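The following paragraphs lead through a single protein chain, from its overall composition to individual side chains. Please keep the sequence and the model in view while reading.

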Amino acid sequence: MAVTSSSTTASEGIQGTKSSATIVLTNSPHNQFFVWREFLWGALAGGFGEGMMHPIDTVKTRIQSQAILTQSQNQKTILQMVRAVWGADGLRGFYRGVAPGVTGSLATGATYFGVIESTKKWIEETHPNLGGHWAHFIAGALGDTLGSFIYVPCEVIKQRMQVQGTKKYWSSVVMKECASDASLSMYGYYSGMFQAGCSIWKDQGPKGLYAGYWSTLARDVPFAGLMVTCYEALKEVTEYGRQKWFPNSRFHVNTSFEGLVLGGIAGGVSAYLTTPLDVIKTRLQVQGTIVRYNGWMDAFHRIWLIEGAKGFFRGSIPRVIWYVPASALTFMAVEFLRDQFNERKTPNTDTVTSLILDKSKPPLQHN
């Protein structure tokens, strides 16, 4: 028996029957899944994580781009690079390129989490026998791919602004070195995000803004897939451990804290494994108007011949240092926003959509 009625009518109906009843709330607007919320929460979380961790990303980009900016094999360590950025530009040097970085992360975060949750819900509803880690991997990869159309141009602008630092540093150090070598030709100084985009478009066209696009996808598709797969797997392991070691306990881990810890681990592991792809992408995106790498395979071949395996893992430590807290903050923010808005219940406004009568139980007793 199924009826649609208010809670008052339902209670009157229960009193009038001699069988026990179970009320099931299934159509509360607060229990419904809204795709736009996942896109919004993902965008806010992605921008938040990028903004917080941008200085570390600047150090990573500077380390990875040394080989084509200075033409020297005497590479700076992490600490030396931090001192160099601070000495030349101060605090502003670490935040060069933060605007395009946050803009790209807003787009990527929105599509990443929105597509992941939408795909998971679609699989649960239409193909309940499917799912698992492959579904998570595909959903994460697809979400990141969709965001790449906005993310890649923002990444190109961000990384060029990061290696430039302040105008004083760029003109006094890098351009002076380029002037001493006729084979080097670098781009002009970018005063801001929009000026940089217009300048790159004018000099190189769409090809300049999408420099290293395929290498970015080659890095981000496996990274995005690995991260969400690792995160979901860690959640399953955590739940399994809770049920095994605390089967009768009411102990429950806060989802925001769980997102913080497990998201950080998933981001760090995925970041390290995809560092070689990140090195190739960075080299292709920060090089000047004279192309020194003739595509992805040429970059791979020349890095291997000149720098060896070590060259592919340049910047791996700051990359992991960046992604552990950035991923932790991103997943924490998403889980927090979901808890606060997606699952908030207001019992007074819920409606009863089904009334299940269980005749196997004895009639209701009245005093």
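Two residues are in contact when heavy atoms of theirs lie within 4.5 Å. By that criterion, among contacts in the chain between residues at least 6 apart in sequence, 84% join residues at least 24 apart. The model is a predicted one. The chain comprises 15 helices and two strands, and 47% of its 367 residues count as buried.

Helix H3 serves as an introduction to the helical architecture. The helix covers residues 78–89, and for these 12 residues a rise of 1.5 Å a residue gives an expected span of 16 Å; the end C-alpha atoms are 16 Å apart, in agreement with that expectation. Which residues of H3 are buried? They are Met81, Val85 and Asp89. Viewed down the axis of H3, the buried residues fall within an arc of 35°, and therefore line one face of the helix. On the face turned away from this buried side, H3 carries the exposed residues Leu79, Arg83, Trp86 and Gly87. Just after H3 comes Gly90, with a positive phi of about 70°.

Attention now turns to charged side chains. The structure contains 14 salt bridges. One of them joins Lys158 to Glu155, with 3.1 Å between the closest N and O atoms. Both residues belong to helix H6, which spans residues 133–164, and they are three residues apart, about one turn of the helix. Are the two partners buried or exposed? Lys158 is buried, its relative accessible area being 3%, and Glu155 is likewise buried, with a value of 3%.

Glu155 also takes part in a salt bridge with Lys281, at an N to O distance of 3.1 Å. This pair links distant parts of the chain, since Lys281 lies in helix H12 (residues 275–286) and Glu155 in helix H6, 126 residues apart. Lys281 counts as buried, at 0% relative accessibility, because the limit for that class is under 20%. Glu155, Lys158 and Lys281 are among the members of a network of salt bridges, which further includes Asp57, Lys60, Arg219, Asp220, Asp278 and Arg319.

Another salt bridge is formed by the side chains of Lys235 and Glu335, with 3.9 Å from N to O. Here too the pair links distant parts of the chain: Lys235 is in helix H10 (residues 213–245) and Glu335 in helix H15 (residues 316–342), 100 residues apart. The two partners fall into separate accessibility classes: Lys235 is partly exposed, with a relative accessible area of 24%, whereas Glu335 is buried, at 7%.

Helix H12 also holds Thr282, a buried residue with a relative accessible area of 0%. Which side chain does that of Thr282 meet in a polar contact of 2.8 Å? The partner is Gln64. With neighbours within four places in sequence set aside, Thr282 is in contact with Lys60, Thr61, Gln64 and Gln159. Of these residues, Lys60 has already appeared as one of the members of the salt-bridge network.

A further site is found at Gly264, in helix H11 (residues 255–273). Gly264 counts as buried, at 4% relative accessibility. Although 61 residues separate Gly264 from Pro325 in sequence, their C-alpha atoms are 5.7 Å apart in space. Again leaving aside neighbours within four places in sequence, the contacts of Gly264 are Gly259, Val324, Ser327 and Ala328.

The cysteines complete this account. A disulfide is a covalent bond between the sulfur atoms of two cysteines. How many disulfides does a search of the whole structure find? The search finds zero. Two cysteines may be placed by their accessibility: Cys198 is exposed, with a relative accessible area of 56%, while Cys230 is partly exposed, at 21%. The value for Cys230 places this residue outside the buried class because that class requires a relative accessible area under 20%.

Definitions and conventions
Residues numbered from 1 in each chain as written. Predicted model: local features only at pLDDT ≥ 70, side-chain atom pairs only at ≥ 80, totals over all residues. Heavy atoms only, no water. Disulfide = S-S within 2.5 Å. Buried < 20%, exposed > 50% of the residue type's maximum accessible area, 1.4 Å probe, protein only. Helix = DSSP H or I, 4+ residues; strand = E, 2+ residues; numbered from the N terminus. Expected span 1.5 Å × (residues − 1). Arc of directions from axis to C-beta. Salt bridge = Lys/Arg side-chain N within 4 Å of Asp/Glu carboxyl O. Polar contact = N/O pair within 3.5 Å; in protein donor to acceptor, adjacent residues only side chain to side chain.
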